[in-house]
Amino acid sequence: MRVKTVALAIVLALSATTAASGADPAPPEPPGIWTGPLQGAVPATITGGEVLGTEELAALVAAEGPVLVDVAPWPRKPENLASGTWSRPPHRSLPGAVWLPDVGNGDIPLAHEAWLRARLKALTGNDPGKPLVIFCHPNCWASWNAAKRAILYGYQRVYWYPDGVEGWQDSGRPTEVIQAQKRPG
Amino acid sequence: MRKSCLALMVLGLLGPATAIAQSTDDDAARAERWHELQQAIFGDRTIGDGTGIITLDAPQRALDAALVPITITTAADRNVTGVALVIDDNPGPLAARVRFGPVGDPGFLALRVRVNQYTLMHAVAETSDGQLHETAKFVKAAGGCSAPVGENEAASLAEIGRMKLRLQGEAVAGAPVEAQLMIRHPNFNGMQMDQLTRLYTPMRFVQVVDISFDGAEVLHLEGDISLSTDPVIGFRFLPGALPGKLKVMVRDSDNATYEASFDVPASGS
């Protein structure tokens, strides 16, 4: 299993440079969670869930008030910080969204996975039929992965919004600065 | 020196603990962020409107967030002594700070930078009377999804410190000459993961670039993690006499230094 993951990672690393350029065609869905580079072209579909465009999302927000989950990676503070000109910039998101950073990463610690399960449970009021919208940035696998996880946990109405925060901004809709929710570890 | 130390200290305080008020008013939130950065970088100095003094050119929408071309121009008659480029919503907001020497031309500076998310960028000019002047531009580019360390960085690391200089047109003594310097350096920002080892590549970036012509200073640049892989600096210098030598000294955050010297021929020679 471990060997397989590593082999997959190597194949993915080889295609990383082209994937990052942004103009690439959508790749097919991976069989499970994507463990390659987070940034790059994403699939056009997500089995078990539904893909939303900005207008569809706006309509869903107006009609049903779904749970909005932003899974954008948390800017990682470098360990060997020499210059100190580093600060976490403000994080903009959809109004009303909850930011659960890093839960869309490929390999996540068990503690983070348990936290994601618990947060989703609380946010949906333990209702697996509650609409759940998961997003981050364009060309970012984090939201695909997190949506996949929610589907695997048994949520029945998982919506993946691949255009993410920037797609929302591009439509001229307002965003708000939000803080990350504290996770263990 | 003293000023930049202060800036670093203050920036250190702007960590995750800084409470940024929740706001749906984007303009107010952006203004607040710039105000904080202004304090951190320039202290209590007031910054005036830079209209007619400094301009900042950047694509409104960048195709590649890791390589956003920026051009800063300043008015020839305003005695600009230095410029700073701030990318407000980057984790390393102060992308570069440049001081121009006696044979440097403050009129033109071009850089390539990384942009983390849709952000305001500010260019600030300092004039010989000690005043600061700002201009801003909103840039749409988003690279905040942890760009991996790619083949480019590996190639760049293999040739670290190699430099190339390209002169635009023929140099004529007494007239400004435009040049483009390319420095091979991965400029690791400490946030890129190596997909093979699954480890984050430690931060290592170009910290200082000193350019001189025949012993006189052209410019002194202090860089940071927001400069792109293989930093490119476009600048102008004023050769008093030709031929001459343009010398470049680069120091990175690991304290490695690299030097290069380029012949600048007289026109027609």
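## Exercises on chain B of a predicted model

Glu159(B) has a relative accessibility of 28%, so it counts as partly exposed. The model is predicted, and the exercises below work through parts of its chain B.

**Exercise 1.** Find the salt-bridge partner of Glu159(B) and state how exposed that partner is.

Solution.
- Step 1: Glu159(B) pairs with Arg162(B), and their closest N and O atoms lie 3.6 Å apart.
- Step 2: Relative accessibility above 50% counts as exposed.
- Step 3: Arg162(B) has 51%, so it counts as exposed.
- Step 4: Elsewhere, shared partners link salt bridges into one network made of Arg92(A), Asp26(B), Arg30(B), Arg33(B) and Asp89(B).

**Exercise 2.** Trace the salt bridges of Asp89(B) to Arg92(A) and to Arg30(B), and say which parts of the model they connect.

Solution.
- Step 1: Side chains of opposite charge can pair when their charged atoms come close.
- Step 2: Between Asp89(B) and Arg92(A), the closest N and O atoms are 3.0 Å apart, and the two form a salt bridge.
- Step 3: This pair crosses between chains: Asp89(B) sits in the loop between β4 (80-87) and β5 (94-100) of chain B, while Arg92(A) belongs to strand β3 (residues 91-93) of chain A.
- Step 4: Both Asp89(B) and Arg92(A) are buried.
- Step 5: Asp89(B) also forms a salt bridge with Arg30(B), with 3.2 Å between the closest N and O atoms.
- Step 6: Arg30(B) is in helix α2 (residues 26-42) of chain B and Asp89(B) is in the loop between β4 and β5 of chain B, so this pair ties together parts 59 residues apart in sequence.
- Step 7: Arg30(B) is buried, as is Asp89(B).
- Step 8: Over all chains, the count of salt bridges is 21.

**Exercise 3.** Compare the span of α2(B) with the expected value, then list its buried residues and look at what follows the helix.

Solution.
- Step 1: α2(B) has 17 residues.
- Step 2: From first C-alpha to last it reaches 24 Å, close to the 24 Å expected at 1.5 Å a residue.
- Step 3: An α-helix has 3.6 residues a turn, so residues three or four places apart point the same way.
- Step 4: The buried residues of α2(B) are Ala29(B), Arg30(B), Arg33(B), Trp34(B), Glu36(B), Leu37(B), Gln38(B), Ala40(B), Ile41(B) and Phe42(B).
- Step 5: After α2(B) comes Gly43(B), which has a positive phi near 65 degrees.

**Exercise 4.** Assign the residues of strand β10 (residues 177-183) of chain B to its two faces, and find the strands that pair with β10(B).

Solution.
- Step 1: In a regular strand the side chains alternate between the two faces of the sheet.
- Step 2: The covered face of β10(B) holds Val177(B), Ala179(B), Leu181(B) and Ile183(B).
- Step 3: Glu178(B), Gln180(B) and Met182(B) make up the uncovered face.
- Step 4: Strand β9 (residues 163-168) of chain B runs antiparallel to β10(B), joined by six bridges; here Leu167(B) has Ala179(B) as its bridge partner.
- Step 5: Strand β15 (residues 232-237) of chain B also pairs with β10(B) in the antiparallel sense, over six bridges; in β15(B), Phe235(B) stands opposite Ala179(B).

**Exercise 5.** Describe chain B as a whole, and state where its pLDDT is below 50.

Solution.
- Step 1: The average pLDDT of chain B is 88, and 88% of the residues score at least 70.
- Step 2: The pLDDT is below 50 over residues 1-24 of chain B, a stretch with 39 contacts in the model beyond near neighbours in sequence.
- Step 3: Chain B contains three helices and 17 strands.
- Step 4: Chain B has 269 residues, of which 54% count as buried.
- Step 5: Of the contacts in chain B with a separation of 6 or more, 68% are between residues 24 or more positions apart.

Key: Residues numbered from 1 in each chain as written. Chains lettered and ligands numbered in written order. Predicted model: local features only at pLDDT ≥ 70, side-chain atom pairs only at ≥ 80, totals over all residues. Heavy atoms only, no water. Buried < 20%, exposed > 50% of the residue type's maximum accessible area, 1.4 Å probe, protein only. Helix = DSSP H or I, 4+ residues; strand = E, 2+ residues; numbered from the N terminus. Pairing = 2+ DSSP bridges. Salt bridge = Lys/Arg side-chain N within 4 Å of Asp/Glu carboxyl O. Expected span 1.5 Å × (residues − 1). pLDDT = per-residue confidence, 0-100. Contact = heavy atoms within 4.5 Å.
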